Amino acid sequence: MTSPADEILDIVDENDHVIGQSPRGEAYAKGLRHRCVFIQARDAEGRLFVHRRTPTKLVFPSLYDMWVGGVVGAGESYDEAALREAEEELGVSGLPSPRFLFKFLYDDGAGRTWWSAVYEVRCELPVNPQAEEVAWHAFLPETEVRQRLSEWEWVPDGLDAYQRLMRYDGS
């Protein structure tokens, strides 16, 4: 089995045009700009899927996240990656295609930068998240997620995406 660090990613410029390819581990180590998807998953009651990442994750281990998602593989579209990542991380198959909302360039100023496509999906199936990706999970009401923003340590790119989503008006 290959390591996630060996997955090949498209490397992109500031305009999201592909300029090369690199293994994921090298892209992270060298701060090469790549592509990611963020999918907000809600259950039938509208509660938000929240999880804590495992300590073995390459990026942001053991932090909380209100998104499922991950990197877009080389040659893969954002839409393809969104469905694949949502089904993988939630441990389901047969999800509806996630709905694209917006895209932004995440840059923490310290060498972590990626184009980020934000989606939403309704998951009315019983979830069975990947044990190697998700240490804890629950569907939480939006009010509890907002309360936990100041109490838990969140992945910084996910927090940025969440804040952008709160300002997003759909136009």
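**Two odd phi angles and an overall shape check**

Aspartate 16 sits in the loop between strand 1 (8-12) and strand 2 (18-23); strands here are DSSP runs of E, at least two residues, and helices are runs of H or I, at least four, numbered from the N terminus. We're working with a predicted model, where local features need pLDDT of at least 70, side-chain atom pairs count only at pLDDT 80 or more, and totals for chains, interfaces and linings use all residues. Residues are numbered from 1 along each chain as its sequence is written, and side-chain values use heavy atoms, with hydrogens and water left out.

**Exercise 1.** Work out the phi and the burial of aspartate 16.

*Solution.* Start with the backbone: phi is near 70°, a positive value in a residue other than glycine. Most residues other than glycine have a negative phi. Next, the relative accessible area of aspartate 16 is 6%, so the residue is buried (under 20%; exposed is over 50%, partly exposed in between, with a 1.4 Å probe and protein chains only).

**Exercise 2.** Do the same for serine 62.

*Solution.* Find the loop between strand 4 (48-53) and strand 5 (64-65). Phi of serine 62 is positive too, near 65°. With a relative accessible area of 30%, serine 62 is partly exposed.

**Exercise 3.** Check the radius of gyration against a compact globule.

*Solution.* The rule, over C-alpha atoms, is 2.2 Å times the number of residues to the power 0.38. For 171 residues that gives near 16 Å, and the protein has 15 Å, so the two agree. Now add the burial: 47% of the 171 residues are buried. Finally, the elements come to four helices and nine strands.
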